Amino acid sequence: MSADTQRLVRYFEYSFKQYTYIVTEYKPTLGAVFAPYLQGYSHWSYTDLDVVAGDIPLFLERDELTNFDIVSWSFGDHERLYLRGQFSMHANSTFVNSLFAKSEHLGAGLLKELAFKATVHKQMSATALKEGKPPPRVRFISAEGCYSSAVYSTPGIRVKIANKFLADFGLEGDRSSCVCVCVCVRSCVCV
């Protein structure tokens, strides 16, 4: 293992122990990181931990599997061209799985970014400890923004933003709602 790889491993270990939320920043790398485990699969995806997906095949369209490199589901704001952290499905190909590297902080600048975050976190944590304050949050670079920019700047990439998410926000006065999806009635009860 090279010296740079060893440093990367140490910084990732530190980051994931000290500020676990940072894992979401690296979701676009999952196709490359887990490539050996994805062999034989046509697609892979990332999602947020607070998403209940249900029976995903009921929501996928054949053309999403055959005509697009990336499909991302939105809440009705599909005119905003960015890939959602809630669900972004990727074709499992070397071309698509390496798109993340076009983002400076995920590609060539990864070691520098992790080193910066670890250094700042250690300094801020020492100060917080002296002042009796909780540990600080480090700089978070949205995978949605930077990665989306890298994806959309790639010639030939085929992306679909689909309005497929349901949410219970905005239903404060209505205690229950029914939605019909693929001839199945889904009920959402707001408590």
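**Exercise 1. The whole chain**

Task: find what share of the 191 residues in the protein chain is buried, and how the elements are ordered.

Solution. Buried residues make up 36% of the 191 residues in the protein chain. Buried means under 20% relative accessible area, exposed means over 50%, and partly exposed lies in between (1.4 Å probe, protein chains only). This is a predicted model, where local features need pLDDT of at least 70, side-chain atom pairs count only at pLDDT 80 or more, and totals for chains, interfaces and linings use all residues. Residues are numbered from 1 along each chain as its sequence is written, and side-chain values use heavy atoms, with hydrogens and water left out.

Next, count the elements. The protein chain has 7 helices and 6 strands. Helices (H or I, at least four residues) and strands (E, at least two) are DSSP runs, numbered from the N terminus. Their order from the N terminus is α-α-α-β-α-β-β-α-α-α-β-β-β.

Then look at the contacts (heavy atoms within 4.5 Å). Of those in the protein chain with a separation of 6 or more, 67% are between residues 24 or more positions apart.

**Exercise 2. Helix H6**

Task: compare the reach of helix H6 with the expected span, and list its buried residues.

Solution. Start with the length. H6 covers residues 110-130, which is 21 residues. The expected span is 1.5 Å times one less than the number of residues. From first C-alpha to last, H6 reaches 30 Å, close to the 30 Å expected.

Now the burial. Leu110, Leu111, Glu113, Leu114, Ala115, Lys117, Ala118, His121 and Ala128 are buried in H6. Helix H1 (3-18) is among the parts that cover them.

Last, look past the end. Gly132 follows H6, and the phi of Gly132 is positive, near 70°.

**Exercise 3. Strand E4 and its partner**

Task: decide whether strand E4 is mostly covered or mostly open, and describe how strand E2 pairs with E4.

Solution. Strand E4 spans residues 159-163. Of its 5 residues, 4 are buried, so E4 is mostly covered. Strand E2 (residues 70-74) runs parallel to E4, and 5 bridges join the two. Two strands pair if DSSP finds at least two bridges between them. For one bridge, take Ser72: its partner in E4 is Ile161.

**Exercise 4. A salt-bridge network**

Task: trace the salt bridges that join Glu61, Glu64, Lys160 and Lys164.

Solution. A salt bridge is a side-chain nitrogen of Lys or Arg within 4 Å of a carboxyl oxygen of Asp or Glu. The whole structure holds 10 of them.

1. Glu61 and Lys164 form a salt bridge, with the closest N and O atoms 3.3 Å apart. This pair links distant parts of the chain, 103 residues apart. Glu61 is partly exposed at 36% relative accessible area, while Lys164 is buried at 17%.
2. Glu64 and Lys160 form another, with the closest N and O atoms 3.0 Å apart. Glu64 lies in helix H4 and Lys160 in strand E4, so the pair ties together parts 96 residues apart in sequence. Both Glu64 and Lys160 are buried.
3. Lys164 also meets Glu64 in a salt bridge, 2.8 Å from N to O. Lys164 lies in the loop between E4 and E5, and Glu64 in helix H4, so parts 100 residues apart in sequence are tied together.

Put the steps together. Shared partners join Glu61, Glu64, Lys160 and Lys164 into one network.
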